[in-house]
Amino acid sequence: MNAIDPSASRAAAPAASRDALQAAIETLEEDIVFGRLHPRQRLTEDELMARFGLKRHVVRQVLAELEQLGVVERRRNVGAVVRAYTAREVSELYALREVLEVHAAGLIALPVPPARLAALIAVQREHDEAVADGDAPRVFRSNQRFHREFFALMDNAVLAQAIEEYARRTHPIRFGTLTSPAWRERSRQEHWAMIQALREGNRQALAAVCREHLLPSRDAYLAAEAARLG
């Protein structure tokens, strides 16, 4: 059987179907990020059809795209489940993210042009408002926009795409921090530290905060796994 290409299927679907498909993907992505769906939890086609009012073939496209994003895996004789990682896989994944993201920070031309820095600050102000309001879904989406805008500063689309892909793969890992107001505030402050390093042209500080920014979600997941297995 040939693998489903989610992007091709989506492009061929009517606009209304594409909208319903994308809405289901984003909702399930948020459910995973915020721990409403847990690692190893099964996702059945019948339940998703009832929840979203979608036909079976559309639900299969949803699952195929979530699998491509790395947040769902399909197991033989089980079906689709939320992706779970071993402690070693988490450590390896975050080590790779550190290599990619710290290297990317080193590629940003300093000083950053004022207009591009202003665009990044505008996105961060949206993130500030979401954190202040305690609006977790807005925090999540504005955080994604901040990192997309930040890594766009290096003008390397291939590396930026790789960074975004591996960040998405950590969605099942990040629920321990994204649901915590204290960790959301820490993330917000680290974003401003990145902006300050860009303003000052301080590449060493920029690399350091990019590295530190990755640690809370990794460490929280590893602690939760240790407690589960302990």
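**View 1. How β1 and β3 pair up in this predicted model.** Strands β1 and β3 sit together in the antiparallel sense, and 2 bridges link them. To find your bearings, look for L43, which stands opposite A80 in β3.

**View 2. The hairpin made by β2 and β3.** Here strand β2, residues 72-75, meets strand β3, residues 79-82. The two run antiparallel and are joined by 4 bridges. One pair to pick out is V72 with its bridge partner in β3, V82. Between the strands are 3 residues, and N77 in this turn has a positive phi of about 65°.

**View 3. The whole sheet, with its 3 strands.** Put the last two views together and you get an open sheet in the order β1-β3-β2, with antiparallel pairing. β1 (42-43) and β2 are the edge strands. Each has a single partner strand, so one side of each is left without a neighbour in the sheet.

**View 4. Helix α7, residues 136-152.** This helix has 17 residues. From its first C-alpha to its last it reaches 24 Å, close to the 24 Å expected at 1.5 Å a residue. Quite a list of its residues is buried, including the phenylalanines F140, F146, F150 and F151. R141, N143, Q144 and H147 are also among the buried residues of α7.

**View 5. The largest pocket, about 550 Å³ in volume.** A set of 30 residues lines this pocket, and R97, N143, H147, R174 and H213 lie nearest its centre. Several elements give two or more residues to the lining, among them α5 (87-107), α6 (114-133), α10 (181-200) and α12 (215-229). The helix from the previous view turns up again: α7 provides the largest share of the lining, 7 residues. Sorted by class, the lining has 12 nonpolar, 9 polar and 9 charged residues.

**View 6. The second largest pocket, holding about 170 Å³ of space.** You can name its whole lining in one breath: Q68, L69, Q161, E164, E165 and R168. Helices α4 (56-69) and α8 each supply at least two of these residues. α8 gives the most, with 4 residues. By class, the lining of this pocket has 1 nonpolar, 2 polar and 3 charged residues. If α8 sounds familiar, that's because α8 (157-169) also gives two or more residues to the lining of the largest pocket.

Definitions and conventions: Residues numbered from 1 in each chain as written. Predicted model: local features only at pLDDT ≥ 70, side-chain atom pairs only at ≥ 80, totals over all residues. Heavy atoms only, no water. Expected span 1.5 Å × (residues − 1). Buried < 20%, exposed > 50% of the residue type's maximum accessible area, 1.4 Å probe, protein only. 1 Å grid on protein atoms, 1.4 Å probe; cavity = no way out; pocket = protein on both sides within 12 Å on 5 of 7 lines; lining within 4 Å. Points joined across faces, edges and corners; volume = space filled by probe spheres on them. Nonpolar A, V, L, I, M, F, W, Y, C, P; charged D, E, K, R; others polar. Pairing = 2+ DSSP bridges.
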